Amino acid sequence: MGIYTKTQEFRTALENLSRDDLLEIIRAQDPDLIKQINRIEWVFENKLSHLAWNDGTPVTERKLSNKELALLVDEPFEVDLDLLSAGVSAENQRQLHVSKDSVVWAKQFLDARLRVYQILILRDPSLRKVLRAGRRLGKTFSLAIQLLHYSYTHKDGRSLVIAPMKTQVELIYQEILRIASKNEVVSNSITRKVTSPQFMIQFSNGSTIRFFTSGMRSGGKSDVARGQEAHLIILDEMDYMHADDLDALYAMLQKTAEDQPDKVLIGASTPTGRRERFWEWCRSPRFKEFWFPSYCNPFFSKEQEEEFREQYSSSGYRHEIEADWGEDSEGVYPRKFVDKAFISPSWMYIPEITSARSFHTIGVDWDKYGAGTNIVVTEVCSDHYEDATFRGKVKLCYREEIARSEYTLTKAVDRIVELNQIFNPKHIYVDRGYGEVQVELLKKYGVENPRSGLKDKVKGIAFGESIDVRDPYTKLMIKKEMKPYMVDNLRQFLEREKLLVPESDEELYMQLISYVVVRTTQTGRPVFEAAGSAMDHAHDALMLSLLAITQNYGEFASASYASNTESFSNHFFLPKQNNEDNEEKTPMILTGRSEAINPSRGFRRSTSAKRTRRMF
């Protein structure tokens, strides 16, 4: 305990110095830190006046306190004579001195150059910390240093890393291994590293770092982490985690032994705009909050700012770059309904027809620069579908994103032609806002290849146009704006529990729960966007696919489907029949999959002879 008491006395003595004296000490230690201090203070004085502190006062300045400046000073090593007389050699004392301070340890062992805000985060003695950080600040690096230092310097240490998705925990896992490779001794201390079924790193001193995904659904996958013993718990991207899961994980901070040291909890995230646990913890006196916008990065340039302002909407910029909460955005899709739509067991997105008792629609969202082209295939399942889970519902059976490249849009057109051959969908709805040329290319292909049906199947939808719909009460046709109508249509599918998605599709789940109304125009039109770092391209493709169902079949669940099917020749025709007066009757069009499934197998027709009702 003596070495830690000595450190506390050293920090207290520094805090009692004047600000000018502290700055001189820091300048002598590392002049670059002075530049970073000046930058941070300049940012809060000049860039954030449109934002407010937690108490509502505008952000006009933020001087680093003497306590914070004291944390930036490396404690010098001095041989303790009492320890020396007790048999602790000077070299052992030096090793203890280095190992007790994660910043000094990272500098000496890993040749790390830590920034001011990273030093403050690592050295602050608080047991409960929340990092509200803008993008590209080095948050992952800071968390990796914390985890690696704790595991390397503690015998049988137990650390947990929990994030909503596997890709997020994998990022920290890879960063720890990358940093450890900087020093052969540290790297060799890692005796085991596994990636399945969960990521895990084990050290020669018995310490372990285990990585878990919580999932983003309420009561999701965080069950796998409950019951785990941990001395250090890291929650990354916690603003995407469900409040119930965070409450359960918070309970893990209880001591399980009388002599057990206090447990440390660090939560980190870029704000999404929600007013949930991350927002509450950042405002709670129980937690030490660290708020640093991306501007504080010493390498953040004017060119980057202009680029990000073009890439993000105004509210997205506030979340991602300024790490501000923004307005209290309203989620478009209630989470409880989204949770019910994502079911287990999941299924693989395999491009193939799985049932004759269904039909398909395709939605396509084009985006050459922000993301790749997103394609969603939905399957409308009849009441006689083989798997009872999907009967009378819409199943998201396939989804893919065509990666960005020079020929992204050309590849997307080719891929849609392929998927049309595989699924033989009834309709293909595509975003016309960016894909007018692609719509024409698909229709041209349909003219040149009549059997593909693309000439009639493909329909371009402009999100900014209006749509004629029938009022359910007056039965009159009225105009509605397309985007709000599609959003409401998707919400109706969710609320009526008519849409089913594999639980494993975490990316789409994030897009749905992150879709918010950021403001309402003077005319009452809602303005939507994906909050936080989430995108909305797969979401838009799903909206288009569901719009195809609603526009062409209305209450699809009320339509009749074939209960049995049989095959017949491409050259089969219904014979003409005469009535009692020998007058010819018009043949009845039968229901079922009356389109070509495979030219070599002919058509399918229904033996139930029910009429399909076209409803609006």
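User: In this predicted model, which residue of β18 is the bridge partner of I343?

Analyst: In this predicted model, β10 and strand β18, which covers residues 499-502, pair in the parallel sense over two bridges. Within that pairing, the residue of β18 that serves as the bridge partner of I343 is P502.

User: Which strands are the edge strands of the open sheet that holds β10 and β18?

Analyst: The open sheet has seven strands with mixed pairing, in the order β10-β18-β13-β12-β11-β14-β15. An edge strand here pairs on one side only, and the two strands of which this is true are β10 (342-343) and β15 (458-461).

User: At about what angle does helix α22 run to β11?

Analyst: Two helices that lie across strands of this sheet can be described in turn. Helix α20 (residues 482-495) lies across β13, β15 and β18, and its direction is at about 80 degrees to β18. Helix α22 (residues 537-553) lies across β11, β12, β13, β14, β15 and β18, and its angle to β11 is about 135 degrees.

User: Is strand β6 largely enclosed by the rest of the structure or open to the outside, and why?

Analyst: On one side of β6 the residues L232, I234 and D236 are buried, and on the other side I233 and L235 are buried, with the result that both faces are covered. This split suits a general pattern, in which the side chains of a regular strand alternate between the two faces of the sheet. Because five of the five residues of β6 (residues 232-236) are buried, the strand is largely enclosed.

User: Which residue of β7 is the bridge partner of L235?

Analyst: Strand β6 has parallel pairing with strand β2 (residues 158-163) over four bridges, and there S159 stands opposite L232. Strand β6 also pairs in the parallel sense with strand β7 (residues 264-269), over five bridges. In β7, the bridge partner of L235 is G267.

User: Is E237 buried or exposed, and what is its relative accessible area?

Analyst: E237 is found in the loop between β6 and α12 (243-250), and its phi is near 50 degrees, a positive value in a residue other than glycine. Since a residue counts as buried under 20% relative accessible area, E237 is buried, with a value of 6%.

User: What is the relative accessibility of N424, whose phi is also given as a positive value?

Analyst: N424 lies in the loop between α17 (408-423) and β14, and its phi is near 45 degrees, which is positive although the residue is not glycine. N424 counts as buried, and its relative accessibility is 14%.

User: Where is P345, the residue that follows S344 across a cis peptide bond?

Analyst: One cis peptide bond runs from S196 to P197, with omega near 0 degrees, and P197 is found in the loop between β3 (190-194) and β4 (200-203). The peptide bond from S344 to P345 is cis as well, with omega near 5 degrees. The place of P345 is the loop between β10 and β11.

User: Is α2 parallel, perpendicular or oblique to α3?

Analyst: The axes of helix α2 (residues 19-29) and helix α3 (residues 31-46) come within 5 Å and cross at roughly 130 degrees. That crossing makes the relation of α2 to α3 oblique.

User: How many nonpolar residues take part in the contact of α2 with α3?

Analyst: From α2, the residues R19, L23, I26, R27 and Q29 meet P31, L33, I34, I37 and E41 of α3. By class, this contact has one polar and three charged residues, and its nonpolar residues number six.

Key. Residues are numbered from 1 along each chain as its sequence is written. This is a predicted model: local features need pLDDT of at least 70, side-chain atom pairs count only at pLDDT 80 or more; totals for chains, interfaces and linings use all residues. Side-chain values use heavy atoms; hydrogens and water are left out. Axes are lines fitted to C-alpha atoms, for helices over the stretch in contact, and angles run from 0 to 180 degrees between N-to-C directions. Angles under 35 degrees count as roughly parallel, over 145 as roughly antiparallel, 65 to 115 as roughly perpendicular and the rest as oblique. Contact means heavy atoms within 4.5 Å. Ala, Val, Leu, Ile, Met, Phe, Trp, Tyr, Cys and Pro count as nonpolar, Asp, Glu, Lys and Arg as charged, and the others, Gly among them, as polar. Two strands pair if DSSP finds at least two bridges between them. Buried means under 20% relative accessible area, exposed over 50%, partly exposed in between (1.4 Å probe, protein chains only).
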